[in-house]
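Student: I would like to learn how to read a protein model with a ligand in it. Could you walk me through one?

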Amino acid sequence: MDLSHVDLATEVVRTERLVLRPYRQDDVDAVHEACQDAEIQRWTTVPSPYTRDDAVQFVTITTGSARAAGRALTTAIEADGRFVGSAGLHFTPGPLGPAVGYWVAPWARGHGYAAEAARALADWAFTRGAARVHLTADVANAASQNAARRAGFLQEGVIRSSLPYRDGSRGDAALFSLLPGD
Ligand SMILES: CC(C)(COP(=O)(O)OP(=O)(O)OC[C@H]1O[C@@H](n2cnc3c(N)ncnc32)[C@H](O)[C@@H]1OP(=O)(O)O)[C@@H](O)C(=O)NCCC(=O)NCCS
């Protein structure tokens, strides 16, 4: 993948319905509210309980520094000018290619936004030379796996005991990928 001509700090990805843009200070309240959701706390690694300071940190520091350091293209998903969720492309080293991740605020689910965002980030990576993009979802996370499939991803297998849960136990992840020709 060649990111030499990309200004990751300001990069915006547009789809038919969505704008995937850098986080802004005025996203704090929406991120804070969304991350109170039990599904987001169950299936992602966001802090739990999720405080307003966590949202401030995520919006103003974490996501911007990941972009600045070339680690990830983390984006706020906007639909009709409203914050609806988060999607990211993580430039993980190794043969699996960049990883796509997402969560959608409870008030915006069921519209195919996660799938549309995942597809757009994968296509963005392919345009810049990625040979493949991958995505992992807990084997019990049906909604996320459906979103991945709707985005065109195919399941390759299961990565056993790869997910650390909050209670110290571990779970299995379904591994998905998308190739430029899929
Ligand atoms: C997973 C998540 C991002 C999906 O967001 P979304 O924008 O509603 O997703 P989409 O509308 O693109 O697709 C959801 C699909 O799952 C289905 N679905 C929704 N809830 C479901 C459930 N509880 N069980 C099974 N399928 C479900 C929808 O019908 C849809 O399927 P379809 O494409 O065949 O119609 C959202 O539910 C979420 O944020 N969950 C909590 C965080 C999370 O799990 N993130 C992913 C970590 S890998």
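Tutor: Happily; we will go through the cores, the ligand shell, a few single residues and some backbone details.

Tutor: This is a predicted model, in which local features need pLDDT of at least 70 and side-chain atom pairs count only at pLDDT 80 or more, while totals for chains, interfaces and linings use all residues. Residues are numbered from 1 along each chain as its sequence is written, and side-chain values use heavy atoms, with hydrogens and water left out.

Student: Let's start inside. Which residues have the most contacts inside the largest nonpolar core?

Tutor: In soluble globular proteins, nonpolar side chains tend to be buried together. A nonpolar core here is a set of buried Ala, Val, Leu, Ile, Met, Phe, Trp, Tyr and Cys residues joined through side-chain atoms within 4.5 Å. Buried means under 20% relative accessible area, exposed over 50%, and partly exposed in between (1.4 Å probe, protein chains only). The largest such core has 37 residues, and Leu89, Val100, Tyr102 and Phe153 have the most contacts inside it.

Student: Which elements give two or more residues to this core?

Tutor: Helices (H or I, at least four residues) and strands (E, at least two) are DSSP runs, numbered from the N terminus. The contributors of two or more residues are strands S2 (18-21), S3 (72-79), S4 (82-90), S5 (99-104), S6 (133-138) and S8 (170-178), together with helices H4 (113-127) and H5 (142-150). H4 gives the most, with 11 residues.

Student: What is valine 100 in contact with, leaving aside its neighbours within four places in sequence?

Tutor: Contact means heavy atoms within 4.5 Å. With those neighbours left aside, valine 100 touches Gly88, Leu89, Ala118, Leu121, Val133, His134, Leu135 and Phe153. Apart from this core lies another, of 16 residues, including Val28, Cys35, Ala76 and Ala105.

Student: Now the ligand. Which residues come nearest to it?

Tutor: A residue is near a molecule if one of its heavy atoms lies within 4 Å of it, and the same cut-off applies to a strand. There are 23 residues around the ligand, and Val104, Gly110, Gly112, Asn141 and Arg150 come nearest. Helix H2 (38-43), S5, H4, S6 and H5 each supply at least two residues of the shell, and the largest share, six residues, comes from H5.

Student: How do the residues of the shell divide into nonpolar, polar and charged?

Tutor: Ala, Val, Leu, Ile, Met, Phe, Trp, Tyr, Cys and Pro count as nonpolar, Asp, Glu, Lys and Arg as charged, and the others, Gly among them, as polar. By that scheme the shell has 12 nonpolar, eight polar and three charged residues.

Student: Where do backbone atoms meet oxygen atoms of the ligand?

Tutor: A polar contact is a pair of N or O atoms within 3.5 Å; within protein, one must be able to donate a hydrogen and the other to accept it, and residues adjacent in sequence count only if both atoms are side-chain atoms. A polar backbone atom of glycine 110 is 2.7 Å from a ligand oxygen. For glycine 112, a backbone N or O atom lies 2.7 Å from an oxygen atom of the ligand, and for alanine 143 the separation is 3.4 Å. Taken alone the ligand exposes 950 Å², of which the protein buries 71%. Accessible areas come from the Shrake-Rupley method with a 1.4 Å probe; for residues, only the protein chains shown count as cover.

Student: Is aspartate 37 buried or exposed?

Tutor: Aspartate 37 counts as buried because its relative accessible area is 15%. This residue sits in the loop between helix H1 (28-34) and H2, and its side chain makes a polar contact of 2.7 Å with the side chain of arginine 109.

Student: And where is phenylalanine 91?

Tutor: Phenylalanine 91 is in the loop between S4 and S5. At 17% relative accessibility, it too is buried. Its C-alpha atom is 5.5 Å from that of alanine 72, 19 residues apart along the chain.

Student: Which backbone details should I look at?

Tutor: Look at the peptide bond joining serine 48 and proline 49, which is cis, with omega about 0°. Aspartate 80 has a positive phi of about 50° although it is not a glycine; it is in the loop between S3 and S4 and is exposed, at 79% relative accessible area. Serine 161 also has a positive phi of about 50°, but its place is in strand S7 (residues 154-164), and at 37% relative accessibility it is partly exposed.
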